[in-house]
Amino acid sequence: MADTDTPRPAPPTMPDGGPPGFHLLAKPTGATCNIDCTYCFFLSKDALYPNEKTRMSAATLEAYISQLLESHRTPQVTVAWQGGEPTLMGLDFFRRSVELVEQHRRPGQTVQHTIQTNGLLLDDDWCAFFKERGFLVGLSVDGPRDLHDTYRVDRRGHGTFDLVMRGWQALRRHAVDFNILCTINAANQNHGRAVYRFLRDELGAAWMQFIPIVERATEETIAIANRGWSEQAGRQRLLYTQTGNLVTERTVGGEQYGRFLVDIFEEWIRHDVGRVYVQLFDVTLEAYFGRHLLCIHAPTCGYGPALEHNGDMYACDHFVEPRFRLGNIHETHMLELLASPAQRAFGEDKRDSLTAQCQRCEVRPLCHGGCPKDRFALSRDGDPGHNYLCAGLELFFTHTRPAMQAMARLLQQGRAPSELTAAVAAEDARRGPYAPCPCGSGKKFRFCHGNSAGAGSH
Ligand code: SF4
Ligand code: SF4
């Protein structure tokens with residue numbers, strides 16, 4: 001549906017049990033992007049709005065900001081921009097969004113502005129603005145040049161590494177807070193430590209987030225899916241939906257996902273606890289205290305909706321498809337959409353559809369079966385709807401358990417988790433350099449995680 005100037009609906013009250021806050025991802029340019037990453041199925045979502053200019057209007061911007069602020073009962077609210085590529089809206093759009101926040105913010109409400117970008121348009125003007133307004137910028141980088149350029153390409157198929165680095169330099173010049181969003185895919189899946197070291201040492205990233213690439217397809221669509229999601233003349237194109245139990249050749253292997261995470265975890269516990277924040281490590285440690293900060297590994301979900309450029313709200317950024325459209329915020333307040341039976345069912349289905357294997361799994365309190373979008377494999381019992389990434393998830397949560405438990409004990413004693421580093425070093429010394437590396441690679445420790453000088457296997 002198109003933007004409208006209809007009066008703003010009154011905010012409803014979140015029913016009992018609803019969250020005081022939520023994390024909405026707004027997509028002001030819809031799926032429109034200025035590059036053409038091969039694995040990016042979001043590019044295909046412009047098929048949802050054919051013949052529409054996918055740019056958020058002033059009216060939708062105001063409806064979004066005002067409803068978001070009046071919906072929250074928490075003192076902290078996050079205004080999160082995502083894409084497509086949000087910087088295509090131009091700087092004035094974001095200046096206006098900050099003005100609107102100041103206009104609609106309630107006394108005592110603090111607002112964190114975040115934006116996820118491919119970095120291509122970032123220059124001194126953008127970065128001065130981000131710094132002045134305290135934006136947290138997420139920059140998408142998949143590792144060193146050759147790994148990054150495998151899939152993160154422009155419309156002519158050329159790698160974007162140099163252009164992204166130009167944006168990164170602008171962020172650094174202005175000392176903007178940034179985190180790196182790195183996908184784990186078929187190209188970099190065996191190079192965890194090299195990717196991690198590059199982000200830490202070359203980019204100076206103190207905050208990282210790793211996201212598995214899982215692109216689903218069916219027997220009928222796999223050939224087209226393998227060719228990518230961008231629009232090209234004379235080529236058949238699909239609207240990506242979460243269907244099918246095949247995966248594209250760019251998709252990370254289930255077990256490799258876990259091996260990648262273990263690879264960087266073993267580096268992190270030796271050198272970086274308390275210095276580098278890796279999202280999954282942090283949320284896993286929190287899960288030992290029963291707190292689930294990431295929807296993917298929480299028992300239920302449904303509080304991370306996506307907002308399209310025209311005010312359409314969807315159950316989740318990964319389910320921007322017609323059957324998961326909740327409504328439009330110009331017609332129904334976003335809180336009402338979030339509290340709707342359809343959205344509650346979406347979130348609770350995550351818990352209610354666990355396979356028997358998940359239900360009896362030892363690491364279920366940490367994993368909770370992962371994201372429903374990835375549940376299209378068969379379990380060991382032959383049940384459908386099991387997580388495609390299970391082998392990797394089980395490996396990661398099992399492997400990290402002793403170290404996580406040790407860090408949790410330190411926290412309970414009021415001590416810093418980084419004290420673990422000394423214990424790990426003592427254990428390494430006791431074991432010796434020629435014993436098998438504890439990461440499970442099969443290599444000798446000295447030539448694997450005991451080698452802090454090289455860049456690992458890459
Ligand atoms: S579907 Fe997955 S990504 Fe979306 S809210 Fe649920 S767990 Fe999170
Ligand atoms: S590790 Fe596998 S079996 Fe265990 S909860 Fe996660 S997805 Fe289910």
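# A walk through the model

Start by selecting α2 and helix α3 (residues 124-133): the two pack at an angle of about 10°, and their axes lie 11 Å apart. That makes α2 roughly parallel to α3. (Roughly parallel covers angles under 35 degrees, roughly antiparallel those over 145, roughly perpendicular 65 to 115, and oblique the rest.) The axes here are lines fitted to C-alpha atoms, for helices over the stretch in contact, and angles run from 0 to 180 degrees between N-to-C directions.

Before you go on, a little orientation. You're looking at a predicted model, in which local features need pLDDT of at least 70 and side-chain atom pairs count only at pLDDT 80 or more, while totals for chains, interfaces and linings use all residues. Residues are numbered from 1 along each chain as its sequence is written, and chains are lettered from A and ligands numbered from 1 in the order in which they are written. Helices (H or I, at least four residues) and strands (E, at least two) are DSSP runs, numbered from the N terminus.

## Stop 1: between α2 and α3

Now show the side chains between these two helices. On the α2 side, pick Leu91, Phe94 and Val98; they meet Asp125, Trp126, Phe129 and Arg133 of α3. (Residues are in contact if their C-beta atoms, placed from the backbone, lie within 7 Å.) Color this contact by class and you'll get five nonpolar residues, no polar ones and two charged ones. In that scheme Ala, Val, Leu, Ile, Met, Phe, Trp, Tyr, Cys and Pro are nonpolar, Asp, Glu, Lys and Arg are charged, and the others, Gly among them, are polar.

## Stop 2: α2 again, with α1

Keep helix α2 (residues 91-104) and add helix α1 (residues 58-71): this pair packs at an angle of about 40°, with axes 9 Å apart. α1 and α2 are therefore oblique to each other. Turn the view until one helix lies in front of the other, and you'll find that α1 passes α2 in a right-handed crossing. (A crossing is right-handed if the near helix is turned clockwise from the far one by less than a right angle, and left-handed if anticlockwise.)

Which residues of α1 meet α2? Select Leu61, Glu62, Ile65, Ser66 and Leu69 in α1, then Arg96, Ser97, Leu100, Val101 and His104 in α2. By class, this contact has five nonpolar, three polar and two charged residues.

While you're in this area, go to the loop between β2 (76-81) and α2, where Gly84 is found. The peptide bond that leads from Gly83 to Gly84 is cis, with omega near 0°.

## Stop 3: ligand 1

Select ligand 1 and show what is around it. You should see Cys295, Ile296, Cys301, Gly304, Cys316, His318, Lys350, Cys371, Pro372 and Lys373. (A residue is near a molecule or strand if its C-beta atom, placed from the backbone, lies within 6 Å of it.) This shell divides into six nonpolar, two polar and two charged residues.

## Stop 4: ligand 2

Next comes ligand 2, surrounded by Gln357, Cys358, Cys361, Val363, Arg364, Cys367, Gly369, Gly370, Asn387, Cys390, Leu393 and Glu394. Which helix supplies the largest share of this shell? That's α14, with three residues. In fact, α12 (356-359), α13 (364-367) and α14 (390-399) each supply at least two. Sorted by class, the shell around ligand 2 has six nonpolar, four polar and two charged residues.

Then hop to His368, in the loop between α13 and β13 (375-377). Its phi is near 55°, a positive value in a residue other than glycine. Is His368 buried or exposed? His368 is buried, because 24 other C-beta atoms lie within 10 Å. (Buried takes 20 or more other C-beta atoms within 10 Å of the residue's own, exposed 12 or fewer, partly exposed a count in between, with C-beta atoms placed from the backbone.)

## Stop 5: a few single residues

Ala175 also has a positive phi, about 55°, although it is not a glycine. Look for Ala175 in the loop between α5 and β5 (177-184). With 10 other C-beta atoms within 10 Å, Ala175 is exposed.

Arg155 is in the loop between α4 (145-151) and α5 (161-173). Arg155 is exposed too, with 12 other C-beta atoms within 10 Å.

Arg193, in helix α6 (residues 192-202), is buried, with 23 other C-beta atoms within 10 Å.

Finish at Arg291, in the loop between α9 (279-287) and β10 (306-307). Arg291 is exposed, with 10 other C-beta atoms within 10 Å. Try your distance tool from Arg291 to Gln189: the C-alpha atoms are 29 Å apart in space, and the residues are 102 apart in sequence.
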